[in-house]
2 protein chains.
Amino acid sequence: MTPITPGFTGSPLDRCEPARAKVEALEAMAAEAGALLLDLDGYDPLIAGDRLGWSPLPKLAEEERVLLGRIDGIARFARLDPQAPAARRTGALMDLLGALPPDEAETYATARSLLDWHARHRFCANCGTPTAPCHAGWARLCPNCATEHYPRTDPVVIMLAEHDDHVLVGRQPAFPPGRYSALAGFVEVGESIEEAVRRELFEEAGIRAGAVRYLASQPWPFPSQLMMACIATTDDPTITLDQLELEDAKWVSRADVRAALAGEEGAAFLAPPPYAIANTLFRLWLAEG
Amino acid sequence: MTPITPGFTGSPLDRCEPARAKVEALEAMAAEAGALLLDLDGYDPLIAGDRLGWSPLPKLAEEERVLLGRIDGIARFARLDPQAPAARRTGALMDLLGALPPDEAETYATARSLLDWHARHRFCANCGTPTAPCHAGWARLCPNCATEHYPRTDPVVIMLAEHDDHVLVGRQPAFPPGRYSALAGFVEVGESIEEAVRRELFEEAGIRAGAVRYLASQPWPFPSQLMMACIATTDDPTITLDQLELEDAKWVSRADVRAALAGEEGAAFLAPPPYAIANTLFRLWLAEG
């Protein structure tokens with residue numbers, strides 16, 4: 001059986017983490033004849049077929065490039081524009097994501113999250129002074145208080161409650177017509193993944209969950225979440241909706257989920273796109289049954 | 001069998017998330033006759049027996065308190081000192097953590113991570129302007145660019161490589177004499193949990209891991225990590241040490257781990273303390289065997 005793997009995973013990128021803090025190693029990588037720069041239009045990727053586009057790396061100052069790492073042994077960089085605005089999700093990008101295979105999407109996600117983090121974090125949160133990129137673009141240093149700042153990755157739980165061979169799906173007001181998905185929320189300071197799953201299910205749908213099992217994860221570059229997909233069993237299927245978060249929530253069967261994933265006409269709901277881990281979560285749940 | 005649960009979990013705290021943004025609901029909670037304030041000496045908890053200490057909530061300005069939530073129906077706050085320095089880990093605290101049960105440790109962790117985040121994030125990372133606490137202490141707002149900032153939680157993978165019924169343990173130079181533990185590292189932007197596990201094992205010990213299974217998680221309030229414990233199988237046990245990260249690494253057997261957890265004299269290593277999820281990870285691995 002083909003393994004069920006999430007979108008935004010499988011990149012062959014070797015991040016070359018040990019090289020980031022070594023100025024000479026970095027300069028040597030940037031000077032390699034084959035070194036490449038990721039082709040971007042703002043924050044959107046320029047795609048050739050179903051692959052990311054790359055161009056020969058031009059001469060760039062150290063603070064105007066980030067090291068992504070190596071693919072196929074070739075050094076890969078992205079351009080860091082010190083004036084760039086923060087990223088926004090464009091409709092064109094979401095169409096492209098449907099065409100990019102998961103490994104290419106993950107390489108892109110790495111670049112996008114990193115560049116966007118720089119655009120949103122140009123000042124020291126500790127003292128307010130403008131900071132400068134360092135460590136090949138994987139950190140920023142404050143020249144005033146010497147605080148080092150690292151890219152932010154926000155852990156998010158995304159989960160199906162499970163009861164009597166049905167799972168709970170919900171609909172946010174901003175979703176496209178017919179779309180339902182797994183519920184989700186940020187993990188807060190001072191809680192575990194399992195506790196965050198139970199808290200969010202109760203807050204959003206009034207569901208008291210028991211055992212929680214983790215199934216899979218993916219990065220999500222809008223701007224930089226770590227999505228962790230779980231299933232939580234419950235004894236009581238009574239839904240009490242938090243109408244600030246959800247427009248609707250309902251229990252769906254395996255047949256419902258199968259029809260939704262197949263895009264059948266008349267399916268109980270419109271499934272999330274394949275690159276979203278909610279889609280993977282539905283497929284993993286079906287594979288369990 | 002008693003379930004094996006990580007330290008820093010099981011807090012009965014109801015975080016009352018929906019109340020945070022409602023000024024009137026918050027004022028009403030703070031005005032409740034039984035409302036309590038967590039007893040702290042700087043960032044260290046004041047403990048009565050093996051329980052956290054609490055005192056009647058004094059009159060505090062909105063920006064000088066954070067809402068932890070409710071325990072036993074009683075509203076719980078912590079004092080937010082706008083001038084407090086960032087937290088440091090004290091030896092006294094680490095002794096206390098050995099005495100606090102996991103549920104109390106988690107309630108404390110929530111308060112500590114939240115207060116420490118405020119101390120480290122008084123300025124807007126987007127524009128450098130001083131920010132002010134809002135949402136009951138669960139956010140800060142920039143009066144200049146209107147960016148909302150939320151407490152940071154950094155996902156960290158902590159893992160055992162597994163080969164031939166042995167697991168890999170490593171020793172950092174700063175560890176107490178004899179201590180070995182699971183390897184660990186931050187999840188970066190643009191990678192999944194499973195990919196971060198494989199990357200860290202390769203970077204730190206030269207181990208090429210295959211399948212990764214997630215076992216458990218815990219919050220870790222120094223300053224605010226989400227620790228995710230995994231086991232990764234490998235076909236090749238050859239260790240290539242990154243000596244910047246690790247002083248030593250070695251394969252240990254189930255008998256070795258059992259002796260270490262039991263604190264036996266002559267054990268192959270000194271186990272991490274019970275409140276660290278590395279300890280839980282060892283116990284979960286033994287329970288599998």
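**Exercise 1. Work out how H5(B) and H6(B) are oriented and what joins them.**

H5(B) and H6(B) lie oblique to each other, since angles under 35 degrees count as roughly parallel, over 145 as roughly antiparallel, 65 to 115 as roughly perpendicular and the rest as oblique. This is a predicted model, where local features need pLDDT of at least 70, side-chain atom pairs need 80 or more, and totals for chains, interfaces and linings use all residues. Residues are numbered from 1 along each chain as written, with chains lettered from A and ligands numbered from 1 in written order.

Step 1: take the helices (DSSP runs of H or I, at least four residues; strands are E runs of at least two; both numbered from the N terminus). Helix H5 (residues 254-261) and helix H6 (residues 277-288) of chain B pack at about 135 degrees, axes 10 Å apart. Axes are lines fitted to C-alpha atoms, for helices over the stretch in contact, and angles run from 0 to 180 degrees between N-to-C directions.

Step 2: list the contacts (C-beta atoms, placed from the backbone, within 7 Å). H5(B) brings Arg254(B), Val257(B), Arg258(B) and Leu261(B), while H6(B) brings Phe282(B), Arg283(B), Trp285(B) and Leu286(B).

**Exercise 2. Describe the side of chain B that touches chain A.**

Step 1: count the residues. Chain B gives 44 residues and chain A gives 44 residues.

Step 2: find the elements. Those giving two or more residues on the chain B side include strand S12 (154-163) and helix H4 (193-205). H3(B) supplies the largest share, 7 residues.

**Exercise 3. Find the contacts of Met159(A).**

Skip neighbours within four places in sequence; Met159(A) then contacts, among others, Ala182(A), Leu201(A) and Cys230(A).

Definitions and conventions: Contact = placed C-beta atoms within 7 Å.
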